[in-house]
Amino acid sequence: MDGLAWRQFKAILRKDIVMELRTREMVTSMGLYAILTMVVYQVALSEAGASLDVRLVMPGLIWVAFIFMSLLGLNRSFVHEKDQGCIEALLLAPIDRPVIFFSKFTGNLLFLLVVEVLSLPVFSFLFLQEQQGIANPVWMVGLVLLGASIGISGVGTLLATISVNTSGRDIMLAVLFVPLMYPLLRAAVGATFAAVIGGPASAALFWGWMAWVAAFDVIMLLVAFALYEFVIGA
Amino acid sequence: MEGAGRDTALEVRDLSRAFGVRKALDGVSLEVPSGAFLSIFGPNGAGKTTLVKVLTTLLNPTSGAASVCGLDVVAEAVALRHRIGLISHNPLLYPDLTAEENLLFFADLYGVQDAEERARELLEAVELDHRRLDLTRTFSRGMLQRLSIARALLHRPDVLFLDEPYSGLDPHAMDILDHLIAQIRGEHTFVMISHDLDKGLQLCSHALILASGRVVLYEERDALDEAAFKETYRATVGMGVA
């Protein structure tokens, strides 16, 4: 990345952060969704009784919430660019399209991680009070969060760019995003399960699933990088 | 693109752009010298905005070629974007940034060296320095358009494209825009889309009428018979869209 590209990257990222701090549209909508989902989970599991070890279903519950929560945020991430034709102003600038992708991706990743990190203690408070807690070190859960969020933001940024110009952009993003997320979702749930439940084989299981997460991230970021010029200009 | 002289700001050769089966531009050719003021007229759907979008690298042509400042609009798009500015009827500004933040943001995108000084200078020129710290969502249409002019001039472009810049402006804002154009007229080549025949003819050195994606008339202002030109324009308005 040359000097101008780095300056452009920082400018778009800074602009997105400043606008999010002013409007709080993405973080608020994602955060509210996460909390409401947990309340629904609590009601859904209320008849299960004390015999249910919530840790067995916790990885799935968390990642389902995070995947749908991210849809809300990603939908908002390009709405600012559509307002008053700002996307046109971005495209008029002497900027390589992948720079736009990486700056929007970094902003989305940042906002997603903020909400995830704030949501997890709420989840623990609601579900894990009387349980054993996380068997392996917490950093393992943190690593899954980071790895999976990179994939979610990468694919989501690409798809949000495609869907922003369509008439039913909310449903369009969901229809494209959820099927593409399936391999990442499966790997993230597997890695989180290994981190939470522990046991003798958990380290090997954890790293095996993390390899899937990393592979997904690399492949999807390369695909997004290659397609972005075409997608944003379409 | 071969054939463009050093003093040619725009050269368009047999340019076409189709959307599906509909041709928005159909074999457009023209040459505009540096420093000229080209006014483009035509009915809705004539291809005016499509032509400007191709010349500003926002759309690729389906066939033919075009160059601005000697740079091909497809092959040398990134280099060309340093040399052009666009003032649209949309302000192309972020409503949740202040006037100054908007200008500094675009200064970063264009790599403007003296960004803060340049932003201050332009805010004064468009008489918005007293509102520089206000969010642009609080601005009136005229103020947004003035700030949009500052945005387009930030990087000192050689060619300035204006897509119906007077649309929705109050008389005071129109006066300011007139004054700004008069101030910078010698330093830039202008390409303006206008539905206001009198305003367009008053400003231009070259006039172009497009209809159904084709050039109906292209002449220098000095050689123009105004009555005949207006008659041709009125006739094209009834020609329908491409």
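**Figure 1. Packing of helices α6 and α7 in chain A.** In this predicted model, helix α6 (residues 97-127) of chain A packs against helix α7 (residues 138-163) of chain A at an angle of about 135 degrees, and their axes lie 9 Å apart. Because an angle of this kind falls outside the ranges for roughly parallel, roughly antiparallel and roughly perpendicular pairs, α6(A) and α7(A) are oblique to each other. The crossing in which α6(A) passes α7(A) is right-handed. On the α6(A) side the contact is made by Phe101(A), Lys104(A), Phe105(A), Asn108(A), Leu109(A), Leu112(A), Leu113(A) and Glu116(A), which meet Leu145(A), Ser149(A), Ile150(A), Ile152(A), Ser153(A), Gly154(A), Gly156(A) and Thr157(A) of α7(A). Divided by class, the residues of this contact of α6(A) with α7(A) comprise 8 nonpolar, 6 polar and 2 charged.

**Figure 2. Packing of helices α5 and α6 in chain B.** The view shows α5(B) packed with helix α6 (residues 171-184) of chain B at an angle of about 15 degrees, with 9 Å between their axes. Since angles under 35 degrees count as roughly parallel, α5(B) and α6(B) are described as roughly parallel to each other. Their crossing is right-handed. From α5(B), the residues Gly142(B), Gln145(B), Arg146(B) and Ile149(B) take part in the contact, and from α6(B) the residues His172(B), Ala173(B), Ile176(B), Leu177(B) and Leu180(B) do so. The contact of α5(B) with α6(B) has 5 nonpolar, 3 polar and 1 charged residues.

**Figure 3. The mixed sheet of chain B and the helices that lie across it.** An open sheet of 6 strands is formed in chain B in the order β6-β7-β8-β3-β9-β10, and the pairing within this sheet is mixed. Strands β6 (84-87) and β10 (214-220) of chain B are its edge strands, each of them pairing on one side only. From one strand to the next, the twist averages 15 degrees. Within the sheet, strand β7 (residues 159-163) of chain B pairs with strand β8 (residues 189-193) of chain B in the parallel sense over 5 bridges, and Val159(B) has Thr189(B) in β8(B) as its bridge partner. Helix α5 (residues 141-153) of chain B lies across β6 and β7 of chain B and runs at about 170 degrees to β6(B). Helix α8 (residues 226-237) of chain B, by contrast, lies across β3 (37-41), β9 (206-211) and β10 of chain B, and runs at about 20 degrees to β9(B).

**Figure 4. The antiparallel sheet of chain B.** A further open sheet in chain B has 4 strands in the order β2-β1-β4-β5, with antiparallel pairing. The edge strands here are β2 (22-33) and β5 (71-72) of chain B, each of which pairs on one side only. Strand β1 (residues 8-19) of chain B is joined to β2(B) by 8 bridges, the two running antiparallel, and in β2(B) the bridge partner of Phe19(B) is Arg22(B). These strands, β1(B) and β2(B), form a hairpin with 2 residues between them, and Gly20(B) in the turn has a positive phi of about 70 degrees. β1(B) also pairs with β4(B) in the antiparallel sense, over 5 bridges, and Val12(B) has Ala66(B) in β4(B) as its bridge partner. Strand β4 (residues 63-68) of chain B in turn pairs with β5(B), again in the antiparallel sense, over 2 bridges, with Asp72(B) of β5(B) as the bridge partner of Ser67(B).

**Figure 5. The two domains of chain B.** Chain B is divided into domain 1, made up of 1-83 + 159-171 + 188-242, and domain 2, which covers 91-156. The C-alpha centres of domain 1 and domain 2 of chain B lie 27 Å apart. In the contact between them, 6 residues of domain 1 of chain B meet 6 residues of domain 2 of chain B, and the residues on the domain 1 side divide into 3 nonpolar, 2 polar and 1 charged.

**Figure 6. The contact between chain B and chain A.** Across this interface, 20 residues of chain B are in contact with 22 residues of chain A. On the side of chain B that touches chain A, α2 (77-81) and α3 (99-110) of chain B each supply at least two residues, and the largest share, 4 residues, comes from α3(B). The residues on that side of chain B divide into 12 nonpolar, 5 polar and 3 charged.

Key. Residues numbered from 1 in each chain as written. Chains lettered and ligands numbered in written order. Predicted model: local features only at pLDDT ≥ 70, side-chain atom pairs only at ≥ 80, totals over all residues. Pairing = 2+ DSSP bridges. Axes fitted to C-alpha atoms, helices over the stretch in contact; angles between N-to-C directions. Contact = placed C-beta atoms within 7 Å. Domains from an automatic or database assignment. Nonpolar A, V, L, I, M, F, W, Y, C, P; charged D, E, K, R; others polar. Parallel < 35°, antiparallel > 145°, perpendicular 65-115°, else oblique. Left-handed = near helix turned anticlockwise from the far one by under 90°.
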